[in-house]
Amino acid sequence: MMALCCACIGIVTWHGSAVSRSVVPDEKPLEPMPNGDSLALLVKKIAAEGLLTDPANLAAALDMEVEFKTKVADIRHTPCDQGGRERQTTVTTAIFAPSWYRPTPEGVRDMKVPQFMSDKVYVASTPKLFYDLYRTSLCSAANEKVEASLTFGDVSAYSCFTPERLRRLIGTTYHTQHHGISGSSYLPPPRVDDGASLVFTFQMGAPCAVNVTIRQSTRDGLRHQRAFMKWRSCYDRARLDYCAAHPGTTDDSKQRMDRHGLSVCGDGWDAYLDREPFTDEPAPLYEVVDDPCGAGR
């Protein structure tokens with residue numbers, strides 16, 4: 001069983017700006033929506049510049065008064081001396097003072113959002129912000145695992161975003177998901193040590209986007225992508241060598257094959273990350289070998 005694993009993010013760009021594949025030359029100009037257009041450009045800037053992991057610069061970009069609080073997260077990690085990979089996680093959350101992010105005439109007042117396969121209806125009426133930043137120290141690496149997100153909830157009360165407007169304004173790509181949910185996404189090129197994504201979420205039956213979320217993670221950075229690919233190619237190669245030396249695999253021997261791969265290459269790619277240089281080189285395409293011996297067939 002083979003699965004194509006691509007570490008590179010596919011995005012059509014021209015001089016660093018996202019370009020839609022379906023631009024129509026004679027499109028009519030968009031009607032002015034100052035609040036919504038400013039927010040769309042702002043969240044694209046936050047994603048492109050990777051501001052989520054820098055609370056001070058994030059607050060400045062948002063032009064909001066924000067109180068950040070950091071504490072040790074209530075997450076249990078297996079101790080490093082007992083085979084664990086992570087030492088400790090801290091979490092930073094935010095309290096946002098009243099700001100410009102509130103209902104405006106551009107929005108849809110009390111927009112009804114049907115719930116999938118249910119008679120229940122959610123009413124999107126109060127714009128609100130959610131932020132969290134998780135920093136996890138690793139047992140075997142001098143690096144941190146960092147993950148952050150910022151969500152503009154009930155954004156429809158602030159301004160009515162549609163997939164077509166977002167495509168033309170900031171170059172998003174529309175996609176369907178599941179349970180009546182769809183999204184318009186923008187993926188900026190990954191940076192050396194992290195990458196980000198921006199998604200406007202839509203719910204079937206609602207005319208405007210319900211939420212806007214930006215996510216940022218070190219696992220999407222170029223160094224991390226290259227380190228993972230190097231570890232994974234080593235792991236797959238070691239398991240293939242085991243298959244060649246032990247024909248006729250069974251479920252039990254498949255477990256031994258996996259353990260052999262880990263013994264040769266390590267049980268994770270953190271150590272590979274320590275050795276990875278700080279360069280903009282992208283990770284190569286690689287076909288991940290899920291079942292090299294065919295034991296699961």
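**Strand pairing and nonpolar cores**

Strands β8 and β9 run antiparallel and are joined by ten bridges. The model is predicted. Five residues separate β8 from β9, and the two strands form a hairpin. Within this pairing, Lys 128 has Gly 153 in β9 as its bridge partner. β8 also pairs with β5, again in the antiparallel sense. Seven bridges make up the β5–β8 pairing. Here Val 91 lies opposite Tyr 134 of β8. In a regular strand, side chains alternate between the two faces of the sheet.

Overall, the protein contains six helices and 14 strands. Of its 297 residues, 44% are buried. Among contacts with a separation of 6 or more, 70% link residues 24 or more positions apart. The accessible surface is about 16,200 Å². Carbon and sulfur atoms account for 54% of that surface.

The largest nonpolar core comprises 36 residues. Leu 150 and Phe 200 have the most contacts inside this core. Eight elements each supply at least two of its residues: α1 (34-49), α2 (55-62), β5 (86-96), β8 (128-138), β9 (144-153), α3 (163-170), β12 (195-203) and β13 (211-217). Helix α1 gives the largest share, six residues. The paired strands β5, β8 and β9 are thus among the contributors.

The contacts of Leu 150 were examined individually. Residues up to four places away in sequence are not counted. Leu 150 touches Ile 46, Leu 52, Leu 58 and Leu 62. Leu 150 also touches Phe 96, Leu 129, Phe 130 and Tyr 131. Val 212, Thr 213 and Ile 214 complete the list of residues touched by Leu 150. A second core is separate and has nine residues. Its members include Trp 231, Cys 234, Ala 238 and Tyr 272.

Confidence varies along the chain. The mean pLDDT of the protein is 86. A value of 70 or more is reached by 89% of residues. Strand β13 has the highest confidence, at 98. Strand β2 (residues 13-14) has the lowest, with a mean of 30. Across residues 1-22, the pLDDT is below 50. This stretch nevertheless has 42 contacts in the model beyond near neighbours in sequence.

How values were computed:
Residues are numbered from 1 along each chain as its sequence is written. This is a predicted model: local features need pLDDT of at least 70, side-chain atom pairs count only at pLDDT 80 or more; totals for chains, interfaces and linings use all residues. Side-chain values use heavy atoms; hydrogens and water are left out. Helices (H or I, at least four residues) and strands (E, at least two) are DSSP runs, numbered from the N terminus. Buried means under 20% relative accessible area, exposed over 50%, partly exposed in between (1.4 Å probe, protein chains only). Contact means heavy atoms within 4.5 Å. Accessible areas come from the Shrake-Rupley method with a 1.4 Å probe; for residues, only the protein chains shown count as cover. A nonpolar core is a set of buried Ala, Val, Leu, Ile, Met, Phe, Trp, Tyr and Cys residues joined through side-chain atoms within 4.5 Å. pLDDT is the predictor's confidence in each residue, from 0 to 100. Two strands pair if DSSP finds at least two bridges between them.
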